[in-house]
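Thanks, I will keep this short. Please have the sequence and the model open, and I will go through a few places in turn.

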Amino acid sequence: MKYMSEYRDPVLAKQFLEEIKTTVTQPWSIMEVCGGQTHSLVKNGIIEMLPDEVTMIHGPGCPVCVTPLNLIDKAVYLATEKGVILCSFGDMLRVPGSQKSLLEAKAEGADVRVLYSPLEAVKIAEDNPDKEVVFFAVGFETTAPANALSVVHAHIRGVKNYSILASHVLVPPAIKAVIDDEESKIDGFLAAGHVCTIMGNAEYHPISEKFEVPIVVTGFEPLDVLQGILMVLRQLEQKKAEVENQYARIVREEGNPDAQKVIHEVFEVKNQMWRGIGEIPESGYAVREEFAAFDAAKKFSVNIAEAPEHPDCISGQIMKGIKKPFECAQFGKTCKPTNPLGAPMVSSEGACAAYYHFSGMVEQA
Amino acid sequence: MSEEGKLRMQLQCPMPKLDFEVITLGHGSGGVLTNKLLDSGVFDLLSNDILDERHDGATLDVKGKMAFSTDSFLVSPIFFPGGDIGELAVNGTVNDLAMCGAIPQHLSLSFIIEEGLPMKDFWEILVSIKFACEKAGVKVVTGDTKVVEKGKGDKIFINTSGIGELHPKATISAKRIQNGDQIILSGNMASHGMAIMSVREGLEFDSEIESDTTNLNHTINGLIDEFGDAIHCLTDPTRGGVATVLKEIAQTENLGIELSQAKIPIDNQVASACELLGLDPLYVANEGLFVAFVDEDKAEAVLSALRGDQNGTNAAIIGSVVEDHSKQVIMESAIGGKRVISMLPGEQLPRIC
C-alpha cells in the first residue's frame, strides 16, 4: 500500500524507539489528543514498546464518544417518532442513548442508514422528496467541512427536506480544558494531524506559549506516532515548549483555507457539551441563523430532557488522563463494548474500548 | 466469477419464454403456479438422476462416515462484484463440508423469495447455482421454494444443506491441533466483505475488488490426498474473518496462537479500502479462503503444494500454535509491537474519520 506501508517499517520503528530510549532521562506524561492515535498506539502495540519513563495518556479525541447522550436521544427520537431517514457515520450507530442506540432503533424498523459522505444524504433527500432526511453531523474540525458543504449543496439545489443534527467538537479548547484541570498532569501533547490539515497550526501557538507545553502535530501511522512522541520528548528534555509539525507531508501551517471558509459560512462557534467531561466554552459549532432551515435541532424542535450518565462511570477522569481505563472498577466487568457504561467504551477509538480490544487487560469470555 | 464468465453462462442457458416476469405469492403456493415456476427450467437446469425423480425427498446411497452441514445465505446486494447469492450458496456449504475433510456430494437447495423478484434475476441465480455445482462436482438432489409478501424478505434468501463422504485419509479435528502447528492462510483476506461493501448503498466506492467466492473442495481434497494426517484442522474464515475463527479455536481448545501481521496476505486495493473505511481486514468476511493447522514438519511442503493450486497462489504461513498465553491470540504488529486479537462485539461499522 503505497504511502502507507512506508510508515509501518519495522526497521525505522526500531530506530525511533532506540532514539526515544536514549533521549529520555526522567518520567514524562504525553497526551495523544485524537482517538485515531490512541487506536494506532494500542493496535500496533506501541505502548508496551515505549520505555517505562514515557506514559501515554489518552485524550478526549473520539468524537463519537464525546457526543452528548442527549443528542443521541434526539437522533433516536427523530428516527423513531418523526419518521425521518436518519443518516449517520457508521460508528455512531452502536452508541447507547439513554433508552436505545440508533442500531436498536433500526432493528425496530426506523430508517437509519450508514453513509460515508454527508453529500450522499443530500442525494437521498432529493430521491425521497416526501420524507425528511437528517444527517447526524458529528465529528471534530475534520468532518466539519463536508458536513457544512452538504448544507451549502442542499441550499443551492433547493433541497428543503434535508437538515443536519450537528454536534461538532473543537480540539484546541479541549486541550486548554485538559491543561486547566487541577488534577491533570500532562507534560506534552500530540495534536491531531487531520484536524490541523483543515484548521492549520495557528491556534496551538498561544496554547503552547501560555501553558509552556510542547505540542507536536502528529499523524496516525505507527512511525508518525513514534516520531511525534520523540519530538515531544526532545522538547521536554531540552526544556522547550513549541508547536512542531511531524505530519508535514499533509499539514500546512495555514491548514486548508477553502475548507475553513465553508465551515465559517455554515457554522459559528458555541459552547459545547462533551459527554463525560461537561461543557467547554467555545468548543463546538452551531449552524448559523442564515441556515436555520437546515438545522434539525430547530426544524423539529425536539425537546428531550438531559439524561444522567451512569453513576459508576469515570469517563471524565479517563478522558482528562487522570485515570487509566484499567484503574476503573467497572472496566471489563460491568462495562464492556457490548454494554458500555460511558463514553470511552462505546467507539473502537475510545480509550477504554481500545484497551479492551487490543491490550488483553481482560480475559474475555 | 468474472463478468465474462457470467455472460458465457447466461448465453449457454438462455431464460425460456414465460408468461410471467416477476415472482408472486402464487409461485410459492404449491399449486399450478409453483409447478409452472419449477417446470420453467429449474428442474432442467439442475437435472440429475436423483432430482429428476421429483419425489418428496432424495434417496441416497451412502456408506461409511459422512459429514453434514447447512448454511443460509442472505447477502445484499444479491449480485455483487465477483459473484452472486446463488454461487455463494453452493460454495458456502461445499466449503463447510470440505473443512470437515469430506468430499461434498449432495446438496439440498431452498429458496425463500420475496414477491416481486424479477424472474430474470431468479434465472441468473439458478444458472450460477448450476455452474457452481458442476465446478464443485455436487448434485442438488432436493429442494423447496417459498414466496413471502413484499417487505417480509430481502429479494431472495437461500438455504443449502449438504452431505459428503469423509476422505479416507482425513483426520480433521480442532482436538488434533497441537503446540508447534503452523497456521496457513490459503490466500488474500477480506476480499469478499470489501467487494460487498463497495456496492452497498451509501458506501459505494469505485474499485476492482471482487469477492473471492469459490469452491475449495478440490484444493482440500488434493492436500489431504498428499499430506493426510499432517493436516490437523481446517476452517473457513467467513463471517467475522480470520481473527474471529482463530480466537474461537484458541478459546474452545485452550490454545495459544501467535500471528505475524506482516505475513498475512492481503490485496493492495482491499487493504486501502479497509483503511479508507476504518475497517480491520482481520474481521472482514471471506468466501473462498481457508485456514489450515498443519504439523510443523510438513508445513513448508503443504504450503508449496498449496501455492501450486489456483486457490492457493497467495497462501502464506501466518502464525503458529504456542504453549504460552492459552486462549489468547496475540499478533505481532507490522512494526514489531504486540496486540491481543479479540472477538468484535458486533458487526464492524465504518469509522467516522
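Helix α2 of chain B covers residues 32-45, and its 14 residues at 1.5 Å each should span 20 Å; the C-alpha atoms at its ends are 20 Å apart, so the expected and computed values agree. Bear in mind that this is a predicted model. Despite that agreement in length, α2(B) has a kink of about 50 degrees, centred on D39(B).

Which residues of α2(B) are buried? They are L37(B), S40(B) and V42(B). As a reminder, residues three or four places apart on an α-helix point the same way, because there are 3.6 residues to a turn. The cover over the buried residues of α2(B) includes α4, residues 119-136, and β5, residues 139-148, both of chain B.

Staying with chain B, I turn to a sheet. It is open, has seven strands with mixed pairing, and runs in the order β8-β10-β7-β11-β9-β12-β13. The edges are β8 (231-235) and β13 (338-341) of chain B; each has a single partner strand, so one side of each is left without a neighbour in the sheet. From one strand to the next, the twist averages 25 degrees.

Take one pair inside that order. Strand β9 of chain B, residues 256-260, runs parallel to strand β12 of chain B, residues 329-332, and four bridges join them. For L259(B), the bridge partner in β12(B) is M331(B).

Now chain A. How is chain A divided into domains? Domain 1 takes 5-62 + 178-245, domain 2 takes 65-170 + 255-299, and domain 3 takes 315-356. Over C-alpha atoms, the centres of domain 1 and domain 2 of chain A are separated by 31 Å. Between these two domains of chain A, 10 residues of domain 1 are in contact with 12 residues of domain 2. On the domain 1 side, helix α10 of chain A, residues 193-199, gives the most, with six residues.

Last, one residue. A144(A) lies in helix α8 of chain A, which covers residues 144-156. Is A144(A) buried or exposed? A144(A) has 27 C-beta neighbours inside 10 Å and therefore counts as buried, the cut-off being 20 or more. Setting aside neighbours within four places in sequence, the contacts of A144(A) are G139(A), H168(A), I263(A), F267(A) and Y285(A). One of these, Y285(A), is 141 residues from A144(A) in sequence, yet the two C-alpha atoms are 8.6 Å apart.

That is what I have; questions are welcome.

Technical notes: Residues are numbered from 1 along each chain as its sequence is written. Chains are lettered from A and ligands numbered from 1 in the order in which they are written. This is a predicted model: local features need pLDDT of at least 70, side-chain atom pairs count only at pLDDT 80 or more; totals for chains, interfaces and linings use all residues. Two strands pair if DSSP finds at least two bridges between them. Helices (H or I, at least four residues) and strands (E, at least two) are DSSP runs, numbered from the N terminus. Axes are lines fitted to C-alpha atoms, for helices over the stretch in contact, and angles run from 0 to 180 degrees between N-to-C directions. The expected span of a helix is 1.5 Å times one less than its number of residues. The bend at a residue is the angle between axes fitted to the seven residues ending there and the seven starting there. A residue is buried if 20 or more other C-beta atoms lie within 10 Å of its own, exposed if 12 or fewer, and partly exposed in between; C-beta atoms are placed from the backbone. Two residues are in contact if their C-beta atoms, placed from the backbone, lie within 7 Å. Domain bounds come from an automatic or database domain assignment.
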